[in-house]
Amino acid sequence: FDVAMSAPPMITFVCKMLRRFGIDKVTPEVLRLAHNNDPRPNVAARLWWALHDLVLLHLAGFNVPHTQTKADQPDHLFDHPDDEEGCDIAICMTKYYMAMWGYPDAARLSSMSLSEYRTRDILLAIGWLMAHTDMFHKYVVYNTPKTSQTNTPPLPPYPFDTSGQ
C-alpha cells in the first residue's frame with residue numbers, strides 16, 4: 001500500500017512544496033498519521049523538525065511581522081529552555097517564535113513536553129505558520145521563471161524603412 005500514490009493531491013503538493021524549501025522530513029504518511037494524532041515518537045520528531053525548519057526559513061528571509069511583544073505573552077513562554085525534561089533548544093526556540101508571531105494556541109504548544117506526542121497540535125502549528133507567512137504565494141513566486149531584458153521575446157519584425165531617407 002503506497003500512501004504517496006493514494007494521498008489527496010493537495011497533501012502531496014504540500015509535501016513537494018516543503019521539499020522545495022528544504023524540509024524533507026514530512027511525507028504524506030507523516031501527515032496522515034499526524035492528522036489521526038498518532039502517538040509515535042518518530043512522527044512527532046519529524047513534525048517538530050519541520051516546524052523548526054519553517055521557523056528558520058522565515059527568520060532567514062520570509063518577512064514575518066512581529067505581531068506581539070514579550071509584554072503581550074504569558075510569562076511561562078519565556079522560561080529558561082533547560083527545563084526538567086531537558087527540552088531541546090531547537091524546539092524551545094520554535095515555541096518562542098511561534099508565540100512571538102501570534103500563534104493563537106501558543107500557550108498549549110509551549111506547554112507541550114517532548115514526551116507528549118500530540119502530533120495533531122504540531123500539525124496545526126505547521127499549517128498556521130504556512131498560512132501566516134503566505135508560504136503558498138512564496139512557493140509560486142520562487143517557482144515562476146524570472147524574466148529579464150535578455151529573456152523577453154523579441155519584437156515582431158518591422159518592415160524596412162520606406163520613408164526614402
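This passage describes the fold, two helices, two loop residues and one cavity of a predicted model.

The protein is helical. Its secondary structure comprises eight helices and zero strands. Along the sequence the pattern reads α-α-α-α-α-α-α-α. Of the 165 residues, 36% count as buried. The accessible surface comes to about 10,400 Å². Carbon and sulfur atoms account for 58% of that surface. Contacts were also sorted by sequence separation. Among those with a separation of 6 or more, 75% join residues 24 or more positions apart.

Helix α4 covers residues 41–60. It holds 20 residues, and these should span 28 Å at 1.5 Å a residue. The end C-alpha atoms of α4 are 28 Å apart, so the span agrees with the expected value. The buried residues of α4 are Val43, Ala44, Leu47, Trp48, Ala50, Leu51, His52, Leu54, Val55 and His58. Two histidines, His52 and His58, thus appear in a list that also includes Trp48 and Leu51. The packing partners of these buried residues are α2, α3, α5, α6, α7 and α8.

Helix α7 runs over residues 119–132 and has 14 residues. From first to last C-alpha it reaches 20 Å, close to the 20 Å expected at 1.5 Å a residue. Its buried residues are Thr119, Asp121, Ile122, Ala125, Ile126, Trp128, Leu129 and Met130. In an α-helix, residues three or four places apart point the same way, because there are 3.6 residues a turn. Ile122, Ala125, Ile126 and Leu129 are among the buried positions of α7. The buried residues of α7 pack against α2 (9–20), α3 (28–35) and α4 (41–60). They also pack against α5 (89–100), α6 (106–111) and α8 (135–143). The contact between α4 and α7 is thus found from either helix: α7 is a partner of the buried residues of α4, and α4 is a partner of those of α7.

Backbone geometry was examined next. Most residues other than glycine have a negative phi. Asn37 is not a glycine, yet its phi is positive, at about 55 degrees. Asn37 lies in the loop between α3 and α4. With a relative accessible area of 32%, Asn37 is partly exposed, because the value falls between the 20% limit for buried and the 50% limit for exposed. Asp134 also has a positive phi, near 55 degrees, and is a residue other than glycine. Asp134 follows α7 and is found in the loop between α7 and α8. Its relative accessible area is 41%, so Asp134 is partly exposed as well.

Helix α6 contains Ala107. Ala107 has 37% relative accessibility and therefore counts as partly exposed. Ala107 and Lys95 are twelve residues apart in sequence. Their C-alpha atoms are 9.0 Å apart in space.

Internal space was assessed last. Rolling a probe the size of a water molecule over the atoms shows where empty space is left. How many cavities of 30 Å³ or more does the structure hold? It holds one. The largest cavity has a volume of about 30 Å³. Its lining consists of Tyr103, Asp105, Arg108, Leu109, Met112 and Asp121. By class, three lining residues are nonpolar, three are charged and none is polar. Asp121 links this cavity to α7: it is a lining residue and belongs to the buried set of that helix.

Terms used
Residues are numbered from 1 along each chain as its sequence is written. This is a predicted model: local features need pLDDT of at least 70, side-chain atom pairs count only at pLDDT 80 or more; totals for chains, interfaces and linings use all residues. Side-chain values use heavy atoms; hydrogens and water are left out. On a 1 Å grid over the protein atoms alone, a cavity is a set of points where a 1.4 Å probe fits but cannot get out, and a pocket is an open set with protein on both sides within 12 Å along at least five of seven lines; lining residues have an atom within 4 Å of a point. Grid points are joined across faces, edges and corners, and a volume is the space filled by probe spheres set on the points. Ala, Val, Leu, Ile, Met, Phe, Trp, Tyr, Cys and Pro count as nonpolar, Asp, Glu, Lys and Arg as charged, and the others, Gly among them, as polar. Helices (H or I, at least four residues) and strands (E, at least two) are DSSP runs, numbered from the N terminus. Buried means under 20% relative accessible area, exposed over 50%, partly exposed in between (1.4 Å probe, protein chains only). Contact means heavy atoms within 4.5 Å. Accessible areas come from the Shrake-Rupley method with a 1.4 Å probe; for residues, only the protein chains shown count as cover. The expected span of a helix is 1.5 Å times one less than its number of residues.
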